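Trainee: I would like a close look at the cysteines of one structure. Could you walk me through them slowly?

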Amino acid sequence: MLGLPYNHTMEAPATFILVGIPGLQSSHLWLAVSLSIMYTTALLANTLIVTIIWMDSTLQEPMYCFLCVLAAVDMVMASSVVPNMVSIFSSGDNTISFNACFTQMYLVHAATAVESGLLLAMAFDRYVAICKPLHYKRILTPRVMLEMTVTITIRATVFMTPLSWMVSHLPFCGSNMVLHSYCEHIAVAKLACADPRPSSLYSLIVSSIIVGSDVAFIAASYILILQAVFSLSSKNAQLKALSTCGSHVGVMALYYLPGMASIYVAWLGEDVAPLCTQVLLADLYLIIPPSLNPIIYGLRTKQIRKRTWGLLIHYLFNHSNLGSGIQALEQTRQLQRRPS
């Protein structure tokens, strides 16, 4: 049944109340601890990746530049929701202003769309590196990389801005209690006094187009890569290429499978999965990839792994020397204070 017709004279609610995960209130404290650990891991690991790539001039190849941008997007995606979730789960501070709610909604959708485009760009990078190695630097020039990044960002903005606009312009005249742990658009749209199906249908169609086209091109890239890999005569070269591609495929599966499951389960409703499962799946989709991406991509990449260990050893060595110097200075001062 259609809701009430739009009435733009209705005042928007000053705040929304985020319930958290309905039915799992008794587990909120444990969820807060788990999310805090994963969020801290995501921030530290992604910051380390960005720092190493930024500081090391030998890591300025396209693959590392895309990885650097991916790490930055992961931090934005996680930071847009996780601190608020932890506050809800730990202290019960579950209010969010109208503007902050839709800002959060926009950041989540834009970041996920950008990340999907980056995964496609990284698949294309691996295709050129393995299938056309002699033309790699000629094809993936800094200008081409910049154009790809800008195009990915514009695509996310063009597709996701209308969604946030449609939901934010719905009339809200009833409850302001959002049955979710962040401002997920379907959960917010359900509070409207008008029919929320246009915005929900738009979200489903756009997500399917973005993810469907990206996954199709990624799959085509890796089919061509596998054909090229198995045509190599060297077993070591085959294993090295498969190891690199395996890491990439793992990250993509980690991102796309929970993401699409979350979208379609939310669209189909509680007939498919209970509400607590829908909310938990949506929450984990936004925190697990940012936590594991730097580990899967970074630590399995020899150059980054080598630079990471070098940086840690350098820091620990210098810190040890500094501690020894302070201890020696303190001993000298104590000797000087002794009466002769």
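Is C193 buried or exposed?

Mentor: Happy to help! This is a predicted model, where local features need pLDDT of at least 70 and side-chain atom pairs count only at pLDDT 80 or more, while totals for chains, interfaces and linings use all residues. Residues are numbered from 1 along each chain as its sequence is written, and side-chain values use heavy atoms, leaving out hydrogens and water.

C193 is buried, because its relative accessible area is 11%; buried means under 20%, exposed over 50%, and partly exposed in between, with a 1.4 Å probe and protein chains only. C193 forms a disulfide with C173, and their sulfur atoms are 1.6 Å apart; a disulfide here is a pair of cysteine sulfur atoms within 2.5 Å. C173 sits in the loop between α6 (142–168) and β3, and C193 in the loop between α7 and α8 (197–230), so the bond ties together parts that are 20 residues apart in sequence. Helices (H or I, at least four residues) and strands (E, at least two) are DSSP runs, numbered from the N terminus. The torsion about this S-S bond of C173 and C193 is about -130°, so the link is left-handed. Its partner C173 is partly exposed, at 43% relative accessibility.

A search of the whole structure finds two disulfides. The other pair is C101 and C183, with sulfur atoms 2.0 Å apart. C101 lies in helix α4 (98–131) and C183 in the loop between β3 (177–178) and α7 (185–189), so this pair joins parts 82 residues apart in sequence. C101 is buried at 0% relative accessibility, and C183 is buried at 1%.
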